[in-house]
Amino acid sequence: MKLIFPAAAAVIAGLAVQTAAAADLPATVYTKAPPVVAFDPWDIAFGAGVMSDYVFRGITQSNHKPSVTAYFEPRYNFTKDLQIYVGTSFESISFPNRAAAEVDIYGGIRPTFGALALDFGVWGYLYPGGTCVGNGIPGSIGVAGSCGFDSQIVLANGNFLKKDVSFYEVYGKATYTFNDSFAMGGNVFYTPSFLNSGADGTYASVTAKVTAPGTFLPNGVGAYVSGEFGRQWLGVSDSFYGNTNYRDYNTWNVGIGFTYKVFTLDLRYSDTDLNKGDCNAFTSDYTASRTGYVTSINAAPGFGSTWCGAAFIAKLSADLTLMSNIK
C-alpha cells in the first residue's frame, strides 16, 4: 500500500502536467471548405466604335471619311487554355460600286501555351448591295466593261469594279507576352482571290505593344504604345481587270492608346509605299482625278489615288465581355 499511493500520485501529477501543456497549444479550428465555383465555358464579347477613317492594311475603305463599326463574338472555352469562337462585325465603307457596308463573318480556335497565345481561323468579307462599275456600254466585255447587261455605274476617270467584291481569308496569329508591359506578335493571312479580283493575296505582319504600368496615369486610366509593320503580296487579276499583276506593297502604323474601364481611345498614324498610280489601279478609286501617274499597270492619262497614302486615325471604342462586364 505504501508503494501504490506514491505511484498513483506520480501518475496523476504527470497527467496534470500533460493537461497543462496541452492547454498551451493552439486550439484546432474547423472551417468549411470554400465553395466550388462552377466553370461556365460560354462567354460573349461585343463592342462598337467610331473612327475618323477606316483604314485596312494601309488603304482607306471609307474615302478618308468617318466610319462606324460594331461586332458580336460568342465564345466557348473547353479549358482556360483552349477557346473556339465565331463572330460577325460591321463597318461602314465608301466603295466605287456603292456597296452598302462591309459585313464580316469569321470563326476559329485560340489555343494558349503559357505566354504564347495562338489564333487560327477563317474570315469572310462580304460587301452586299454593290453595283457593277463599267464603261456604260450594255453588253460590253473585256477590260472596259465585263458588267455585261447589268445596270452599272460609270466613273469619269474610267475605273472599273465588280458588283460583288466579297472574298475570304484563312489566317494564323501568334502573340507572346513577355511580361505585363511588353508583347510581340505575328500574323499571316491568305486568300485565293483578294476582293474577288482573281488575284491571290498573302499578308504578313509583325506587331509590338508596350503597356504602361497601372500607376502611370491617375484615376484608373491606362496607356499603351503599339505598332505594326506588314507586307501585302498580290498576284495577277482576272480578265475583268485586264489580267493585271498588282504591285506588292509595305504598310505600317504606329499609335498611342488610352483605356478607361471598357473604353479605348486610339490615335494612330498609317502609311504605305504604294505610289498614287499603282494605288489607283488596285483600288479603282472613284475620287481619283489628277493625272500624270502613269505606271506599268496604270495606263495614261494616269489617274492617281490618295487612298493608299498617309492617314491619321482617331478611334473611340467600347469592348465588353458577358462574364466580366455584365454578370
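1. Let's start with one residue, Ser305. Setting aside residues up to four places away in sequence, Ser305 touches Lys276, Cys279, Asn280, Thr283, Asp285 and Ala288. Keep in mind as you look around that this is a predicted model. Ser305 sits in the loop between helix 2 and strand 16 (311-321). Is Ser305 buried or exposed? Ser305 has a relative accessible area of 2%, so it counts as buried. One of the residues on its contact list deserves a second look: the side chain of Ser305 makes a polar contact with the side chain of Asp285, at 2.7 Å.

2. Zoom out for a moment. The protein chain has three helices and 16 strands. It runs to 327 residues, and buried residues make up 39% of them. Now take the contacts in the chain with a separation of 6 or more: residues 24 or more positions apart account for 57% of those.

3. Back to helix 2, which covers residues 276-283. How many of its eight residues are buried? Seven are, and the helix is mostly covered. The buried ones are Gly277, Asp278, Cys279, Asn280, Ala281, Phe282 and Thr283. Cys279, Asn280 and Thr283 may ring a bell, since Ser305 touches them. And what do the buried residues of helix 2 pack against? They pack against strand 3 (59-60), strand 13 and strand 14.

4. Have a look at both ends of helix 2 while you're there. At its start, a side-chain oxygen of Asn275 reaches to within 3.0 Å of the backbone nitrogen of Gly277. Just after the helix comes Ser284, which takes a positive phi of about 55 degrees.

5. Next, the space inside. Searching the whole structure for cavities of 30 Å³ or more turns up one. About 320 Å³ of space lies in the largest cavity. Its lining has 25 residues, and those closest to the centre are Phe95, Phe194, Leu195, Phe282 and Thr283. By class, the lining splits into 18 nonpolar, six polar and one charged residues.

6. Which element gives the largest share of that lining? Helix 2 does, with three residues. Strand 3, strand 13 and helix 2 each supply at least two residues of the lining. You've met that trio already: strand 3 and strand 13 are among the elements that the buried residues of helix 2 pack against.

7. Phe282 turns up again in the largest nonpolar core. This core has 37 residues, and the ones with the most contacts inside it are Ile59, Tyr127 and Phe282. Strand 7 (116-126), strand 8 (132-134), strand 10 (167-177) and helix 2 each supply at least two residues of the core. Try clicking on Tyr127: beyond residues up to four places away in sequence, it touches Ile93, Phe95, Ala99, Ala101, Glu102, Val165, Ser166, Phe167 and Leu195. Two names there link back to the cavity, as Phe95 and Leu195 are among the residues closest to its centre.

8. There's also a pocket worth a visit. The second largest pocket has a volume of about 400 Å³. It is lined by 21 residues, with Gly158, Asn159, Phe160, Ile297 and Asn298 nearest its centre. The lining divides into eleven nonpolar, ten polar and no charged residues.

9. Ile297 leads us to Asn245, which touches Leu234, Gly235, Val236 and Ile297, not counting residues up to four places away in sequence. Where is Asn245? It lies in the loop between strand 13 (221-234) and strand 14 (249-260). With a relative accessible area of 41%, Asn245 is partly exposed, because buried means under 20% and exposed means over 50%. Asn245 and Leu234 are eleven residues apart in sequence, and their C-alpha atoms are 7.6 Å apart in space.

10. Last stop: Val188, found in strand 11 (residues 182-191). Its relative accessibility is 45%, so Val188 also counts as partly exposed. Leaving aside neighbours within four places in sequence, Val188 is in contact with Val170, Tyr171, Gly172, Tyr203 and Ala204. For a distance to check yourself, try Val188 and Ala174: they are 14 residues apart along the chain, with 9.3 Å between their C-alpha atoms.

Key: Residues numbered from 1 in each chain as written. Predicted model: local features only at pLDDT ≥ 70, side-chain atom pairs only at ≥ 80, totals over all residues. Heavy atoms only, no water. Helix = DSSP H or I, 4+ residues; strand = E, 2+ residues; numbered from the N terminus. Buried < 20%, exposed > 50% of the residue type's maximum accessible area, 1.4 Å probe, protein only. Contact = heavy atoms within 4.5 Å. Polar contact = N/O pair within 3.5 Å; in protein donor to acceptor, adjacent residues only side chain to side chain. 1 Å grid on protein atoms, 1.4 Å probe; cavity = no way out; pocket = protein on both sides within 12 Å on 5 of 7 lines; lining within 4 Å. Points joined across faces, edges and corners; volume = space filled by probe spheres on them. Nonpolar A, V, L, I, M, F, W, Y, C, P; charged D, E, K, R; others polar. Core = buried A, V, L, I, M, F, W, Y, C linked by side-chain atoms within 4.5 Å.
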